[in-house]
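Here is a short report on one protein model. Please keep the sequence and coordinates in view while reading.

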Amino acid sequence: MTHLASRKKSEEIQVGDLVRHTAGKQLGAGLVTQVYSDVDLIKVLWSNSNRIGGCSRPYLEVVNEGG
């Protein structure tokens with residue numbers, strides 16, 4: 001899948017971004033709800049389970065930038 005956002009892939013993930021989990025289809029896509037600056041953790045509202053869960057930054061890919 002191509003990185004669709006205009007932000008460089010190496011730049012930080014931000015609240016409101018639509019992301020997908022890169023390590024499989026278990027979690028699918030979700031909306032970033034919280035970003036921690038002191039740890040490598042992002043909270044995401046996952047579309048397949050309608051629940052918020054934490055995910056390590058390296059396992060997320062930005063699909064679309066938030067507004």
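## Hairpins around β3

β3 and β4 make a hairpin, with four residues between the two strands. N50 sits in that turn and has a positive phi of about 55 degrees. The model is predicted. β3 and β4 pair in the antiparallel sense, over six bridges. One pairing sets L41 against S56 in β4 as its bridge partner.

β2 also pairs with β3. These two strands run antiparallel and are joined by five bridges. A hairpin connects β2 to β3 through five residues. Here L31 has L45 in β3 as its bridge partner.

## Two faces of one strand

Side chains alternate along β3. I42, V44 and W46 point to one face and are buried. L41, K43 and L45 point to the other face and are not buried.

L45 belongs to β3, which covers residues 41-46. L45 counts as partly exposed because its relative accessibility is 33%. L45 also joins L31 and I52 in a nonpolar surface patch of about 230 Å².

## The nonpolar core

Which residues make up the largest nonpolar core? Its nine residues are I13, V19, V32, I42, V44, W46, C55, L60 and V62. β3 and β5 each supply at least two residues of this core. The largest share, three residues, comes from β3.

I42 is one of the core residues. Leaving aside residues up to four places away in sequence, I42 touches I13, V32, Q34, V35, G53, G54, C55, R57 and L60.

## A salt-bridge network at R57

Side chains of opposite charge can pair when their charged atoms come close. How many salt bridges does the structure hold? There are three.

In one of them, the side chains of E12 and R57 meet at 2.6 Å, N to O. E12 lies in the segment before β1 (18-21), and R57 lies in the loop between β4 (51-56) and β5 (60-64), so this pair ties together parts that are 45 residues apart in sequence. E12 counts as partly exposed because its relative accessibility is 46%. R57 has a relative accessibility of 18%, so R57 counts as buried.

D40 also forms a salt bridge with R57, and the closest N and O atoms are 3.1 Å apart. D40 lies in the loop between β2 (29-35) and β3, while R57 is in the loop between β4 and β5, so the pair ties together parts that are 17 residues apart in sequence. D40 is partly exposed, with a relative accessible area of 40%. Through shared partners, salt bridges join E12, D40 and R57 into one network.

## The E61–R20 pair

Another salt bridge brings together the side chains of E61 and R20, at 2.8 Å, N to O. The pair links distant parts of the chain: E61 is in strand β5, R20 is in strand β1, and they are 41 residues apart.

Are these two partners buried or exposed? E61 is buried, with a relative accessible area of 5%. R20 counts as partly exposed because its relative accessibility is 25%, and the cut-off for buried is under 20%.

Conventions: Residues numbered from 1 in each chain as written. Predicted model: local features only at pLDDT ≥ 70, side-chain atom pairs only at ≥ 80, totals over all residues. Heavy atoms only, no water. Patch = residues over 30% accessible without salt bridge, like charges linked within 9 Å, V, L, I, M, F, W, Y side chains within 5 Å. Areas by Shrake-Rupley, 256 points an atom, 1.4 Å probe, with all protein chains shown as cover. Salt bridge = Lys/Arg side-chain N within 4 Å of Asp/Glu carboxyl O. Buried < 20%, exposed > 50% of the residue type's maximum accessible area, 1.4 Å probe, protein only. Core = buried A, V, L, I, M, F, W, Y, C linked by side-chain atoms within 4.5 Å. Contact = heavy atoms within 4.5 Å. Pairing = 2+ DSSP bridges.
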